[in-house]
Amino acid sequence: MATWEYATVPLITHATKQILDQWGEDGWELVQVVPGPEGSTNLVAYMKREKN
């Protein structure tokens, strides 16, 4: 059975693709993107990858 580790990543609106690409290169898979804290224009990404 697979086991997973998770991370939350703040996404800066003007650099979203670059941030997600970097995490993807490190083996992380995007699970969900949600709005950041109230009053913020940024987003938060939830990522997962299989533990080795």
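A residue is termed buried under 20% relative accessible area, exposed over 50%, and partly exposed in between. These terms apply in every legend below, and the model shown is predicted.

**Figure 1. Overview of the protein, a predicted model with one helix and three strands.** Read from the N terminus, the elements follow the order β-α-β-β. Along the principal axes, the C-alpha atoms occupy a box of roughly 40 × 20 × 10 Å. The protein has 52 residues, of which 19% are buried. About 4100 Å² of the protein is exposed, and 53% of this area comes from carbon and sulfur atoms. Of the contacts between residues at least 6 apart in sequence, 45% link residues at least 24 apart. The protein carries 4 positive and 7 negative charges, and the mean positions of the two sets lie 4 Å apart.

**Figure 2. Val34 in strand S2.** Where does Val34 fall on the scale from buried to exposed? Its relative accessibility is 21%, so Val34 counts as partly exposed; the cut-off for buried is under 20%. With neighbours within four places in sequence set aside, the contacts of Val34 are Leu43, Val44 and Tyr46. Val9 is 25 residues away from Val34 along the chain, and the two C-alpha atoms are separated by 10 Å.

**Figure 3. Gln32, also placed in strand S2.** Gln32 has a relative accessibility of 44% and therefore counts as partly exposed. Beyond the neighbours within four places in sequence, Gln32 is in contact with Val44, Ala45 and Tyr46. How far apart in space are Gln32 and Met47, C-alpha to C-alpha? The distance is 7.3 Å, for a separation of 15 residues in sequence.

**Figure 4. Leu43 in strand S3, which covers residues 43-50.** Leu43 has a relative accessible area of 30%, so it is partly exposed. Once neighbours within four places in sequence are left aside, the residues in contact with Leu43 are Val9, Pro10, Leu11, Val33, Val34, Pro35 and Gly36. One of these, Pro10, is 33 residues from Leu43 in sequence, with a C-alpha to C-alpha distance of 6.1 Å. The contact with Val34 is also part of the view in Figure 2.

**Figure 5. Pro37 in the loop between strand S2 (29-35) and S3.** Is Pro37 buried or exposed? Pro37 counts as exposed because its relative accessibility is 58%, and the cut-off for that class is over 50%. Between Pro37 and Val9 there are 13 Å in space, C-alpha to C-alpha, and the two are 28 residues apart in sequence.

**Figure 6. The aromatic pair of Trp23 and Trp28.** A search of the whole structure gives one aromatic pair. The ring centres of Trp23 and Trp28 are 5.4 Å apart and the planes stand at 65°, so the pair is edge-to-face. The reasoning rests on two cut-offs: centres within 6.5 Å make a pair, and planes over 60 degrees apart make it edge-to-face. How do the accessibilities of the two residues read? Trp23 has a relative accessible area of 25% and is therefore partly exposed. Trp28, at 12% relative accessibility, counts as buried.

**Figure 7. Lys48 over the face of Trp4.** What is the distance of Lys48 from the ring centre of Trp4? The value is 4.1 Å.

Key
Residues are numbered from 1 along each chain as its sequence is written. This is a predicted model: local features need pLDDT of at least 70, side-chain atom pairs count only at pLDDT 80 or more; totals for chains, interfaces and linings use all residues. Side-chain values use heavy atoms; hydrogens and water are left out. Rings of Phe, Tyr and Trp (its six-membered ring) pair if their centres lie within 6.5 Å; planes under 30 degrees apart count as stacked, over 60 as edge-to-face and the rest as tilted. Buried means under 20% relative accessible area, exposed over 50%, partly exposed in between (1.4 Å probe, protein chains only). A charge sits over a ring if NZ of Lys or CZ of Arg is within 6 Å of the ring centre and within 35 degrees of the ring normal. Helices (H or I, at least four residues) and strands (E, at least two) are DSSP runs, numbered from the N terminus. Contact means heavy atoms within 4.5 Å. Accessible areas come from the Shrake-Rupley method with a 1.4 Å probe; for residues, only the protein chains shown count as cover. Lys and Arg count as positive and Asp and Glu as negative; His and the chain ends are not counted. The place of a charge is taken as NZ of Lys, CZ of Arg, CG of Asp or CD of Glu.
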